[in-house]
Amino acid sequence: MAAISLHYVEKGQGMPLVLLHGFPLDHRIWEAQLTGLNATARVLAPDLPGFGGSPPLAADPPAMDAYARAVLAWADGIGVRHFVLAGHSMGGYIALALARLAPERLDGLVLVSTRAGADSTAARENRAKLAAAIREHGAQATVDAMLPKLLAPAAADHSSPLVDQVQAIMLAQPPAGLVPAVQAMAARPDSTPDLEDLTMPLLILHGEADATIPPSEADAMVEAAASALYAPIPAAGHLPMLEQPAAVNSALRDFLNRYWP
Ligand code: MLT
């Protein structure tokens with residue numbers, strides 16, 4: 001695949017740590033990791049195709065594998081052959097696809113607030129409704145459908161600056177990137193059987209108050225994986241990197257120092 005020019009931000013030197021954001025967000029959710037981990041790793045945070053400053057994919061029908069291939073082509077294009085990959089939510093679906101397509105590229109894998117299973121029929125129907133609402137109302141449809149469940153109850157209090165910050169990131173995403181991502185999520189396969197074959201170091205990180213993807217999904221992945229470290233993050237919802245950045249940075253730093261001291 002030809003190198004695709006994804007917009008990205010990087011800080012630090014050493015072991016490359018690539019951070020993939022979830023839906024419908026962009027690299028800005030990782031700001032605290034870019035500033036807090038750059039003494040430990042070379043932290044790279046791209047905008048996935050169709051999000052932030054990156055062009056959408058041409059793949060039709062849209063698939064998680066196409067996003068994973070785009071990430072691989074981008075990494076090739078900037079000369080990063082091996083890396084630790086952390087994927088948040090949809091970024092985790094992409095990370096699992098990438099681990100299936102090119103496990104030799106991954107020194108380690110971190111699954112943040114995500115799940116390995118495929119969508120249920122009801123979830124697929126909801127995705128179709130969300131895609132239709134985005135076509136009609138733009139990114140506001142994602143705010144209406146998702147924002148109330150993204151943050152833990154304490155932070156979801158309307159006085160929290162996090163609510164405005166997350167909403168601004170959501171509203172910045174173009175429908176041309178959002179709709180194919182919704183379709184690709186609906187079509188994704190079950191990655192659970194792949195978990196037990198993973199041989200690279202694996203960390204599973206999940207907010208204890210995640211109302212978008214319940215912590216039981218993290219428990220299921222820990223059970224299915226041959227050897228996974230688990231870092232539950234107290235007082236965090238679906239966006240632990242923003243809600244509890246110190247705890248997330250500490251879990252990521254411990255993981256990096258444990259395997260690549
Ligand atoms: C995400 O945060 O990326 C999405 O909520 C994941 C999903 O909708 O399955």
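This report walks through a sheet, two helices and a ligand site.

The model is predicted, so to speak of local features takes a pLDDT of at least 70 and side-chain atom pairs count only at pLDDT 80 or more, while totals for chains, interfaces and linings use all residues. Residues are numbered from 1 along each chain as its sequence is written, and side-chain values use heavy atoms, without hydrogens and water.

Let's start with the sheet. Seven strands make an open sheet with mixed pairing, in the order β1-β3-β2-β4-β5-β6-β7. At the edges sit β1 (8-11) and β7 (228-233), each pairing on one side only. From one strand to the next, the twist averages 15°. Strands here are DSSP runs of E with at least two residues, and helices are runs of H or I with at least four; two strands pair if DSSP finds at least two bridges between them. Take β5 (residues 106-112) and β6 (residues 202-207): they run parallel, joined by four bridges. V112 stands opposite L205 in β6.

Now for the helices. Helix α3 (residues 90-101) lies across β2, β4 and β5, at about 140° to β4. Helix α12 (residues 245-259) lies across β2, β4, β5, β6 and β7, at about 170° to β6. Angles run from 0 to 180 degrees between N-to-C directions, with axes fitted to C-alpha atoms, for helices over the stretch in contact (heavy atoms within 4.5 Å).

What about the ligand? Residues around the ligand (a heavy atom within 4 Å) include F23, Y93 and R115. Here are some polar contacts, meaning pairs of N or O atoms within 3.5 Å:

| Protein partner | Distance to a ligand oxygen atom |
|---|---|
| S89, side-chain N or O atom | 2.7 Å |
| M90, polar backbone atom | 2.8 Å |
| H238, side-chain N or O atom | 2.8 Å |

The protein covers 94% of the 270 Å² of accessible area that the ligand has on its own (Shrake-Rupley method, 1.4 Å probe).

Notes
A polar contact is a pair of N or O atoms within 3.5 Å; within protein, one must be able to donate a hydrogen and the other to accept it, and residues adjacent in sequence count only if both atoms are side-chain atoms.
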